[in-house]
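This report goes through one protein chain, from its overall fold down to single residues. Please keep the sequence and the model in view while reading.

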Amino acid sequence: MANQVEPKLIKPLYDELQKERFVTLATVDFETGGPNVNAISWVLAKNEETLYFAVDNRSRIVQNINSNNMVVLNIIANESTYSIAGKASVKAEKMEGVPLKLALMEITVKEVRDVMFYGSKITVEPQYDKTYDKDAAARLDKQVMEAMKKA
């Protein structure tokens, strides 16, 4: 049985991408031309066809996207694993209302593919803890997510 493929986010993924969460982002490395994968958490579905994420504006992710805009965002949600392919760009080099120098990145969704292996489902989604000042982390997370929602 073939995996399901959609041209935009399905509702459960859109809903899951309304809050900070663990995802991975694959880019094409600007130096080697090989794959580069990073874990990120500041991600937001603006609509079913547009994703925003925030990263340090000096990040290799930004350099990679400026060199080759093809990306894949991987999310574990809805009892499965999804690969969201699209084209990324820098929407803003410095986000407003955020104390760090974060770039606001935009992904135009081209394809959403359920990539979970046959006959299985995710029973526990990944969880993480911030290991630095919890109050400072919560304030920063709120500022970043609010700035993305306003963009």
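The text below covers the whole chain, then an annotated region, and then selected residues.

**Overall fold**

The model is predicted. The protein chain contains three helices and eight strands. Their order along the sequence is β-α-β-β-β-β-α-β-β-β-α, with a strand at the start and a helix at the end.

The radius of gyration of the protein chain is 15 Å, in agreement with the value near 15 Å for a compact globule of 151 residues. Along the principal axes, the C-alpha atoms occupy a box of roughly 50 × 35 × 25 Å. Of the 151 residues, 40% are buried. Among contacts with a separation of 6 or more, 67% join residues that are 24 or more positions apart.

The exposed surface of the protein chain is about 8600 Å², and carbon and sulfur atoms supply 50% of that area. The side chains include 20 positive and 21 negative ones. The centres of these two sets are 3 Å apart.

**Annotated region**

UniProt, in an unreviewed entry, lists residues 15-93 as "domain: Pyridoxamine 5'-phosphate oxidase N-terminal". Within residues 15-93, strand accounts for 57% of the chain and helix for 13%. The C-alpha atoms at the two ends of residues 15-93 are 27 Å apart.

**The loop between β6 and β7**

Strand β6 spans residues 70-77 and strand β7 spans residues 80-92, with N78 in the loop between β6 and β7. E79 lies in the loop between β6 and β7 as well. N78 is not a glycine, yet its phi is positive, at about 55°. E79 likewise has a positive phi, about 65°, and is not a glycine.

Are these loop residues buried, partly exposed or exposed? N78 counts as partly exposed because its relative accessibility is 37%, which falls between the 20% and 50% cut-offs. E79, with a relative accessible area of 46%, is also partly exposed.

**Helix α3 and the residues it touches**

Helix α3 spans residues 134-150. Two of its residues are described here: L140 is in helix α3, and so is M145.

M145 is buried, since its relative accessibility is 8% and the cut-off for buried is under 20%. Which residues does M145 contact, leaving aside neighbours within four places in sequence? They are Q18, K19, E20, W42, V43 and L44. The C-alpha atoms of M145 and A54 are 8.9 Å apart in space, with their positions 91 residues apart in sequence.

L140 has a relative accessible area of 11% and is therefore buried. Beyond neighbours within four places in sequence, L140 is in contact with W42, V98, P99, L100 and Y132. W42 thus appears in the contacts of both L140 and M145. L140 and T24 are 116 residues apart along the chain, and their C-alpha atoms are separated by 20 Å.

**Strand β5: T50**

T50 is located in strand β5, which covers residues 50-56. The relative accessible area of T50 is 14%, so T50 is buried. Not counting residues up to four places away in sequence, T50 touches L44, A45, E106, I107 and V109. L44 is also among the contacts of M145.

**Exposed loop residues**

Y118 lies in the loop between β8, residues 102-114, and α3. With a relative accessible area of 69%, Y118 is exposed. Y118 and S83 are 35 residues apart in sequence, and 15 Å separates their C-alpha atoms.

G97 sits in the loop between β7 and β8. G97 is exposed, because its relative accessible area of 64% is over the 50% cut-off. The C-alpha atoms of G97 and M148 are 9.9 Å apart, while the two residues are 51 residues apart along the chain.

**C-alpha distances for four residue pairs**

The table collects the pairs given above.

| Pair | Separation in sequence | C-alpha to C-alpha distance |
|---|---|---|
| Y118 and S83 | 35 residues | 15 Å |
| G97 and M148 | 51 residues | 9.9 Å |
| M145 and A54 | 91 residues | 8.9 Å |
| L140 and T24 | 116 residues | 20 Å |

Conventions:
Residues are numbered from 1 along each chain as its sequence is written. This is a predicted model: local features need pLDDT of at least 70, side-chain atom pairs count only at pLDDT 80 or more; totals for chains, interfaces and linings use all residues. Side-chain values use heavy atoms; hydrogens and water are left out. Helices (H or I, at least four residues) and strands (E, at least two) are DSSP runs, numbered from the N terminus. The radius of gyration is taken over C-alpha atoms; the globule rule is 2.2 Å times the number of residues to the power 0.38. Buried means under 20% relative accessible area, exposed over 50%, partly exposed in between (1.4 Å probe, protein chains only). Contact means heavy atoms within 4.5 Å. Accessible areas come from the Shrake-Rupley method with a 1.4 Å probe; for residues, only the protein chains shown count as cover. Lys and Arg count as positive and Asp and Glu as negative; His and the chain ends are not counted. The place of a charge is taken as NZ of Lys, CZ of Arg, CG of Asp or CD of Glu. UniProt positions are given in the numbering used here, feature names are shortened, and annotations may be inferred rather than shown by experiment.
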